[in-house]
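Grab a coffee and open the viewer. Here are a few exercises to work through, each followed by a solution.

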Amino acid sequence: MKFPLSIAAIALAALMPPGEAAALQEAGDPLASARWEDMRRTFLGDAPVLFDPRVKVVAPSVAEDPMQVPVTVDASALARIEEVVVFADFNPIVEVLRFYPEAARASLGFRVKLQQSTPVRAAVRTADGVWHVGGTWVNTVGGGCTAPAAGRASPEWQSHLNEVSGRQWSAGPNAGRLRLRVVHPMDTGLVAGIPAFHLEEIRFAEADGRPLMRVRLFEPVAENPVFTLQREGGSGPVEAVGRDNNGNAFRARIAP
């Protein structure tokens, strides 16, 4: 069932291209998930919710490796963003991550573990209290959340824990792009005898301390996570500081 748009939605629609305005909805999950109402209550509460085509979630329609599913969330078409929540309706651990864009663009690439075929969604809260929701279905053979991390097969994995590598692009079509990789098993706690062990937070900042983005991570983020973000006009090195749920920390400087 679809309901009439609220005053807030009408105002938004007036500022959007006709095609996108026609797609703006407040009800009637476009992904037709049986769990949508549960997701709405869990993450969005009683706040206004709009299915908004300006929130783009890009992922493969068929994921061959359920332990490493690439996802990009881009909400940069929205203004005054305060928080972005990413979740997968049918995962045993639903919440994937949250990110808080500051001086960086409201866009983040990462990889996720999926237990079965599911919608993967991003809900974006703007300063007016409205949640803007986008998403896509990902079909997969499943099992990504209940398989042990591949790196644990190596007896030396602990000596490489939280090793960081990164890259910046300073010219060409990818100018401003930043990529960070952290060595970490990202254990979900759903494998017998292996407790949950995952990165909890990463903060990105300019060398002068100006915040770029804060990312909160949960168990479904893929092993050895890789994050891709976009700076808005910055230059010079970027500082990345993070920690996991066992108190292990890292600090790295990513040079241009």
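**Exercise 1. Two residues with positive phi**

In which loop is N162 found? Then work out whether N162 is buried or exposed, and do the job again for R80.

*Solution.* Keep in mind that you're looking at a predicted model.

Step 1: find N162. It is in the loop between β9 (131–140) and β10 (164–168).

Step 2: check the backbone. N162 isn't a glycine, yet its phi is positive, about 65°.

Step 3: check accessibility. The cut-off for buried is under 20% relative accessible area. N162 has 9% relative accessibility, so it counts as buried.

Step 4: repeat for R80. This residue belongs to the loop between β4 and β5 (81–88). R80 is no glycine either, and its phi is positive at about 55°. Exposed means over 50%; R80 has a relative accessible area of 62%, so it is exposed.

**Exercise 2. The two sides of α3**

Which residues of helix α3 (residues 36–44) are buried, and what do they pack against?

*Solution.* Step 1: pick out the buried residues, which are W36, M39, F43 and L44.

Step 2: see how they are arranged around the axis. They cover an arc of only 80°, so they sit on the same side of α3. The general rule helps here: an α-helix has 3.6 residues a turn, so residues three or four places apart point the same way.

Step 3: look at the other side of α3, where R41 and T42 are exposed.

Step 4: list the partners. The buried residues of α3 pack against five strands: β1 (49–51), β5, β6 (95–101), β8 (118–126) and β9.

Step 5: go just past the end of α3. There, G45 takes a positive phi of about 60°.

**Exercise 3. The nonpolar cores**

How many residues does the largest nonpolar core have, and which strand gives the largest share of this core?

*Solution.* Step 1: start from the general picture, in which nonpolar side chains of soluble globular proteins tend to be buried together.

Step 2: size up the core. The largest one has 45 residues, and V73, L97, L108, F110, I202, F204 and F227 have the most contacts inside it. Strand β7 (residues 104–112) gives the largest share of this core, five residues.

Step 3: zoom in on I202. Leaving aside residues up to four places away in sequence, its contacts include L180, V182, M213, V215, L217, F227 and F250.

Step 4: look for a second core. Apart from the largest core lies another, of 13 residues, with L44, V49, F87 and V94 among them.

**Exercise 4. Pocket and cavity**

Which strand gives the largest share of the lining of the largest pocket, and how do the residues of the lining of the largest cavity divide?

*Solution.* Step 1: take the pocket. Its volume is about 180 Å³. Lining residues of the largest pocket include T72, D74, R105, R177, R179 and Q230.

Step 2: assign the lining to strands. β4 (69–74), β7, β11 (177–182) and β14 (226–231) each supply at least two residues. β7 gives the largest share, four residues.

Step 3: sort the pocket lining by type: two nonpolar, five polar and four charged.

Step 4: turn to the cavity. Searching the whole structure turns up one cavity of 30 Å³ or more. The largest cavity holds about 70 Å³ of space. It is lined by 14 residues, with A147, A149, M186, D187 and T188 nearest its centre.

Step 5: sort the cavity lining: 10 nonpolar, two polar and two charged.

Key. Residues numbered from 1 in each chain as written. Heavy atoms only, no water. Core = buried A, V, L, I, M, F, W, Y, C linked by side-chain atoms within 4.5 Å. Buried < 20%, exposed > 50% of the residue type's maximum accessible area, 1.4 Å probe, protein only. Contact = heavy atoms within 4.5 Å. 1 Å grid on protein atoms, 1.4 Å probe; cavity = no way out; pocket = protein on both sides within 12 Å on 5 of 7 lines; lining within 4 Å. Points joined across faces, edges and corners; volume = space filled by probe spheres on them. Nonpolar A, V, L, I, M, F, W, Y, C, P; charged D, E, K, R; others polar. Arc of directions from axis to C-beta.
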